[in-house]
Amino acid sequence: MDTKQKDDLSYRAHDLRTAVTQDVRMKAKFTPLAWFMRHCILQPGRSVTHHLAGRGRRFLPPEDLLARKFCPSKDMEGECPQEANGSHPDQREEQPPTSDLAMDTGSCAGPVKTGETVITEGKAKIIFPSANEVFYNPVQEFNRDLTCAVITEFIRLQLSAKGIQIAVPGEEKVEKVVVDLSEEEEAGSEPAPDGEGAERAAAVGEVCKEGVRILEALAASGLRSIRFAKEVPGIRAVVANDFSSKAVELMARNVQFNGVGHLVTSSLADARMLMYQQKAEKHPFDIIDLDPYGSPATFLDAAVQAVSEGGLLCVTCTDMAVMAGNSGETCYSKYGAMSIKGKFCHEMALRIILHSLDLRANCYQRYIVPLLSVSADFYIRVFVRVFTGQATVKASASKQALVYNCVGCGTHHFQRLGKMTSHGSNFKYSAASGPPAGPSCEHCHQRHQLGGPMWAEPLHDLAFVQRVLSALGSNPGRFGTQDRIQGVLSMVTEELSDVPLYYTLDCLSSTIHCNTPSLLQFRSALLHAGYRVSLSHACKNAIKTDAPPSALWDIMRCWERIHPVKRERLSDTSPAFHILSVEPTLQASFTIREDANPKSRKQGLKRFQENPEAYWGPKARARAGGGISTSLQDKRKLHQNKRKERGEDGGHLKPPPCKRLKEGSCTGAGQGSPSPEPAPEAVKTDSPPQ
């Protein structure tokens with residue numbers, strides 16, 4: 001450094017010390033911006049904070065700056081003078097900590113703040129605030145695990161057509177296949193240079209240029225997208241979108257916290273507008289995941305357009321009260337189908353959402369092909385592929401059906417909306433003929449309820465489900481809920497795919513007021529009669545069978561002969577009286593057969609999980625202001641028996657009215673049923689009880 005540069009550097013240091021001293025003495029705020037700009041150190045368009053933070057420096061307060069001997073750094077175009085021993089003056093002291101300015105000026109990946117917790121699920125760790133600003137429900141871990149398993153197999157099918165194998169950690173079989181293929185292709189040739197051939201295998205956490213593009217339209221904390229990036233191979237990009245600024249801010253922190261910024265991009269937008277925009281730009285997503293709080297109805301139209309040809313659409317519905325028959329008119333306004341109350345309500349909910357998806361896709365000459373449809377806990381989850389084809393869309397009407405459900409005995413019949421007949425290689429489409437039932441039930445003479453339309457075709461692609469099961473079997477311990485996934489999917493493979501809806505043993509028995517036969521006895525009776533029968537993953541005691549309702553009631557009549565009921569106590573208008581007054585034409589045998597017990601039941605797979613803790617279910621909706629929502633258990637207590645009159649203290653209900661008081665034969669003095677007097681307290685003695 002020449003003499004002129006040293007003199008200039010000394011002048012700058014003296015000028016800065018003078019400015020700081022004057023500002024502190026005048027109790028004015030020290031602004032280094034003017035000094036930096038005056039000496040042309042600061043680049044145009046940059047702030048002092050950016051200048052110092054970009055070099056890992058920390059700008060000290062004026063008081064600390066005065067206490068230290070000022071020494072301009074190399075970043076300020078100078079060299080620091082050294083002391084006699086050759087050491088830097090600041091090296092004698094502890095270096096200042098790394099600046100937090102980078103986090104304050106654009107980076108959200110800071111450490112865990114006060115009031116936040118770190119939640120670990122799968123291979124992802126997310127920072128979650130204690131305030132209810134962003135929604136998270138641990139119950140949905142099964143949903144997220146199942147989604148990762150399904151998407152992995154879908155990507156495997158997609159990339160295998162391009163000659164690319166995916167490598168899932170723990171699946172040694174896949175790695176061996178990749179090695180064998182490379183050896184066969186390169187047999188008798190020189191080994192390929194490093195880097196070549198890497199495109200033939202897609203690994204987890206790496207960008208695959210020919211991989212899939214995923215959209216999580218309602219990402220909340222971004223947990224699902226982060227798990228995709230860290231557990232699913234063959235991904236080109238993941239877009240994690242949400243309409244809440246708090247959620248997007250937390251999402252960006254979680255993405256950087258997990259180190260998946262090269263795969264996951266956070267987005268703040270309306271999910272519908274984002275999907276419409278991508279469709280207009282002809283840049284569709286290969287996989288779209290919809291998991292809203294409540295109904296996904298408002299997003300379905302955009303989703304069926306924004307997914308690519310043959311792409312995967314994953315939809316979750318948590319508004320089961322609407323889809324299970326409590327509000328049929330609301331279900332029609334959202335999904336275009338009437339839901340009815342019945343024991344088969346959970347499977348009917350699956351068929352209603354599939355009908356709604358197919359109906360909206362038909363508007364754009366597209367149709368759906370279900371891969372997997374699951375009813376679990378308090379929600380339903382469907383995985384469908386979307387294709388384009390005008391000829392196939394014409395057959396959509398024949399895939400929908402109305403259901404006639406008897407309100408007395410629960411017997412149901414189906415009415416297809418359309419009819420497709422084949423003439424050689426051509427097909428003719430026409431309206432279906434009906435109705436399948438009369439104005440009243442032929443078994444109990446009660447009225448029918450009309451529900452639907454609903455999807456009447458198979459709910460699952462059994463070949464695809466078997467692929468998912470095989471992958472899970474070759475990679476044990478991949479998911480936290482893997483035992484339950486294997487149990488549910490095993491039941492799915494055992495279901496009769498061509499039989500919509502089901503009956504339940506308790507409903508059949510309660511209709512005629514008799515004891516309930518065991519599951520194996522009833523299944524054996526159907527098998528002895530020559531019919532097919534299976535269970536259902538949607539209900540524990542469900543019976544799916546191709547037997548007509550008349551055969552079911554004949555079996556129940558034969559069971560009632562073995563376990564008779566008191567017919568004199570039956571009303572002449574009751575369903576039990578009408579059903580039991582008919583002689584059975586089928587002589588049922590209840591001898592237990594070996595094939596009556598399904599394989600999943602023999603193996604003791606976890607098919608119907610018990611709740612691991614109290615209040616295991618839906619969580620409160622996240623609030624935009626970050627306030628803590630009232631806990632659901634407190635809300636349940638508040639609204640419990642809200643239609644009944646409470647006592648004077650407001651804490652206890654009045655005793656129910658006496659039954660004899662209504663009949664006018666009550667001799668009690670009170671207006672309610674006499675409450676039992678409390679038992680006298682036991683006298684404490686030292687002698688042991690006898």
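**Figure 1. Residues around the largest cavity.** Four nonpolar, two polar and four charged residues make up the lining of the largest cavity (Ala, Val, Leu, Ile, Met, Phe, Trp, Tyr, Cys and Pro count as nonpolar, Asp, Glu, Lys and Arg as charged, the others, Gly among them, as polar). What you are looking at is a predicted model, in which local features need pLDDT of at least 70 and side-chain atom pairs pLDDT 80 or more, while totals for chains, interfaces and linings use all residues. Residue numbers start from 1 along each chain as its sequence is written, and side-chain values use heavy atoms, leaving out hydrogens and water. Lining this cavity are E347, R351, P458, L459, H460, E495, L496, S497, V499 and K544. The space inside comes to about 50 Å³, and the search of the whole structure gives two cavities of 30 Å³ or more. (A cavity is a set of 1 Å grid points where a 1.4 Å probe fits but cannot get out, and lining residues have an atom within 4 Å of a point; points join across faces, edges and corners, and volume is the space filled by probe spheres on them.)

**Figure 2. Helix α17 and the elements it packs against.** Helix α17 covers residues 482-494, 13 residues in total. From its first C-alpha to its last it reaches 19 Å, close to the expected 18 Å (1.5 Å times one less than the number of residues). Which residues of α17 are buried? They are Q482, R484, I485, G487, V488, L489, S490, M491 and V492 (buried is under 20% relative accessible area, exposed over 50%, partly exposed in between, with a 1.4 Å probe and protein chains only). These buried residues pack against helices α6 (141-160), α16 (462-473) and α22 (599-602), and also against strands β10 (366-376) and β18 (533-536). (Helices, H or I of at least four residues, and strands, E of at least two, are DSSP runs numbered from the N terminus; contact means heavy atoms within 4.5 Å.)

**Figure 3. S375 and the end of strand β10.** S375 sits in strand β10 and is buried, at 10% relative accessibility. Setting aside neighbours within four places in sequence, its contacts are H346, L350, I380, H537 and A538. Follow the chain into the loop between β10 and β11 (379-388) and you will meet D377. This residue is not a glycine, yet its phi is positive, near 55 degrees. D377 is partly exposed, with a relative accessibility of 34%.

**Figure 4. A220, another residue with a positive phi.** Most residues other than glycine have a negative phi, and most peptide bonds are trans. A220 is worth a look here, with a phi of about 55 degrees although it is not a glycine. You will find A220 in the loop between β5 (207-216) and α8 (223-231). Is A220 buried or exposed? At a relative accessible area of 15%, A220 is buried.

**Figure 5. Two cis peptide bonds, at P435 and P453.** The bond joining G434 and P435 is cis, with omega about 5 degrees. P435 belongs to the loop that runs between β15 (426-431) and β16 (448-455). Between G452 and P453 the peptide bond is also cis, and its omega is near 0 degrees. P453 lies in strand β16 itself, a strand that is mostly covered, with six of its eight residues buried.

**Figure 6. Strand β12 with β13 and β16.** Strand β12 (residues 400-406) runs antiparallel to β16, joined by six bridges (strands pair if DSSP finds at least two bridges between them). V403 has G451 of β16 as its bridge partner. β12 also pairs with β13 (residues 412-416), antiparallel and over five bridges; here Y404 is matched with H413. Five residues lie between the strands of this β12 and β13 hairpin, where G410 has a positive phi near 80 degrees.

**Figure 7. An open sheet of three strands.** The order of the strands is β17-β19-β18, and their pairing is antiparallel. Why is one side of β17 (503-504) and of β18 left without a neighbour in the sheet? Both stand at the edges, each with a single partner strand. β17 meets β19 (residues 539-545) over two antiparallel bridges, with T504 opposite A542.

Methods: On a 1 Å grid over the protein atoms alone, a cavity is a set of points where a 1.4 Å probe fits but cannot get out, and a pocket is an open set with protein on both sides within 12 Å along at least five of seven lines; lining residues have an atom within 4 Å of a point.
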